[in-house]
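Q: I am a first-year student, and I would like a close look at one part of this protein. Could you walk me through the aromatic rings and their surroundings?

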Amino acid sequence: MRLLWDLDGTIFDTYPAILASFAAVHEAAHGTPVDRDEALRWLKKNSKLAFAHFGISDDFRAMFAELDHKQAESACFPFEGIDRVLAAAEVNVIVTHRTKESTKNLLTKFGLLEYFTEIISPEEDGFPRKPDAAAYKYLHEKYGLDWAIGDRSLDLIPAREAGMKTAAFQNEDIEADVHLNVYDDSFFQKITK
């Protein structure tokens, strides 16, 4: 298996940290608490849409990123079984909107960095942000990837464009070749078909 991964919500359960960061930004922008269920639905689409939906100025994007990175480094954990999947793969690469430093810190903290051949943070590496397919095409051509695994449409749209199969993690509402909820034997059964 040669796998391309998203990080947040796919390798790490970062939605509690993302939601807490977004709630703080909403409070700073509007002076009121946010409806957390509605915010989570929008954040699972993408944060840019969530900002627009809740009428939060892009001036708060830096605050959101800073809070999110701090919270994620202390309050998120890898999904159960992810280490087994990573160890079984021939190649693992990541494309994430998170900074490389933050990504490496998280992976190192949980002993997962060694499993990754390459990490792409589009803005740092000169690629457009997802769902643009440039970073995916670069990695697919370099490593001959089989599958892309992500929790949002913007993780899987570029994979299809680059010619990879797609696996949606914990999100039945997005188009994918397979849908996964856990990293157990069913993962291997679905991915190796």
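A: Let us start with one term: a residue is called buried when its relative accessible area is under 20%, and exposed when that area is over 50%. W5 has a relative accessibility of 0%, so W5 counts as buried. Please keep in mind that this is a predicted model. The mean pLDDT of the protein chain is 90, and 98% of its residues reach 70 or more.

Now to the rings. A pair of aromatic rings is described by the distance of the centres and the angle of the planes. This structure holds 13 aromatic pairs. Take W5 and F187: their ring centres are 6.5 Å apart and their planes meet at 15°, so this pair is stacked. W5 belongs to strand β1 (residues 2–5) and F187 to helix α10 (residues 185–191), so the pair ties together parts that are 182 residues apart in sequence. What about the partner of W5: is F187 buried or exposed? With a relative accessible area of 0%, F187 is buried.

A second pair joins F79 and Y183. Here the centres are 6.5 Å apart and the planes stand at 65°, so the pair is edge-to-face. This pair also links distant parts of the chain, 104 residues apart: F79 lies in the loop between α4 (61–75) and α5 (82–88), while Y183 lies in the loop between β6 (178–180) and α10. F79 has a relative accessible area of 12% and is therefore buried, and Y183, at 4% relative accessibility, counts as buried as well.

These rings belong together: ring pairs link W5, F79, F169, Y183 and F187 into a cluster. Look around Y183, leaving out residues up to four places away in sequence, and you will find that Y183 touches W5, T10, F79, E80, G81, I82, V85, I149 and F169.

Next, place the rings in their wider setting. The largest nonpolar core has 27 residues, and those with the most contacts inside this core are W5, I11, Y183 and F187. Several elements each supply at least two residues of this core, namely β1, α5, α6, β4 (147–150), β5, β6 and α10. There is also a second, separate core of 15 residues, which includes L4, V91, Y136 and A162.

Some rings have a charge for company. K44 lies over the face of Y15, at 4.9 Å from the ring centre. In a similar way, the charged end of R61 sits over the ring of F51, 4.6 Å from its centre. A word of care fits here: where pLDDT is low, the predicted coordinates should not be read in detail. Among the elements of the protein chain, α4 has the lowest mean pLDDT (77) and β2 the highest (97).

To finish, here are a few spots away from the rings. R98 lies in the loop between β2 (91–95) and α6 (100–109). R98 is buried, with a relative accessible area of 2%, and its side chain is joined to that of D8 by a polar contact of 2.7 Å. The peptide bond from K130 to P131 is cis, with omega near 15°, and P131 lies in the loop between α7 (122–125) and α8 (134–143). Q170, in the loop between β5 (165–169) and β6, has a positive phi near 50° although Q170 is not a glycine. At 35% relative accessibility, Q170 counts as partly exposed.

Key. Residues are numbered from 1 along each chain as its sequence is written. This is a predicted model: local features need pLDDT of at least 70, side-chain atom pairs count only at pLDDT 80 or more; totals for chains, interfaces and linings use all residues. Side-chain values use heavy atoms; hydrogens and water are left out. Helices (H or I, at least four residues) and strands (E, at least two) are DSSP runs, numbered from the N terminus. Buried means under 20% relative accessible area, exposed over 50%, partly exposed in between (1.4 Å probe, protein chains only). A polar contact is a pair of N or O atoms within 3.5 Å; within protein, one must be able to donate a hydrogen and the other to accept it, and residues adjacent in sequence count only if both atoms are side-chain atoms. Rings of Phe, Tyr and Trp (its six-membered ring) pair if their centres lie within 6.5 Å; planes under 30 degrees apart count as stacked, over 60 as edge-to-face and the rest as tilted. A charge sits over a ring if NZ of Lys or CZ of Arg is within 6 Å of the ring centre and within 35 degrees of the ring normal. pLDDT is the predictor's confidence in each residue, from 0 to 100. A nonpolar core is a set of buried Ala, Val, Leu, Ile, Met, Phe, Trp, Tyr and Cys residues joined through side-chain atoms within 4.5 Å. Contact means heavy atoms within 4.5 Å.
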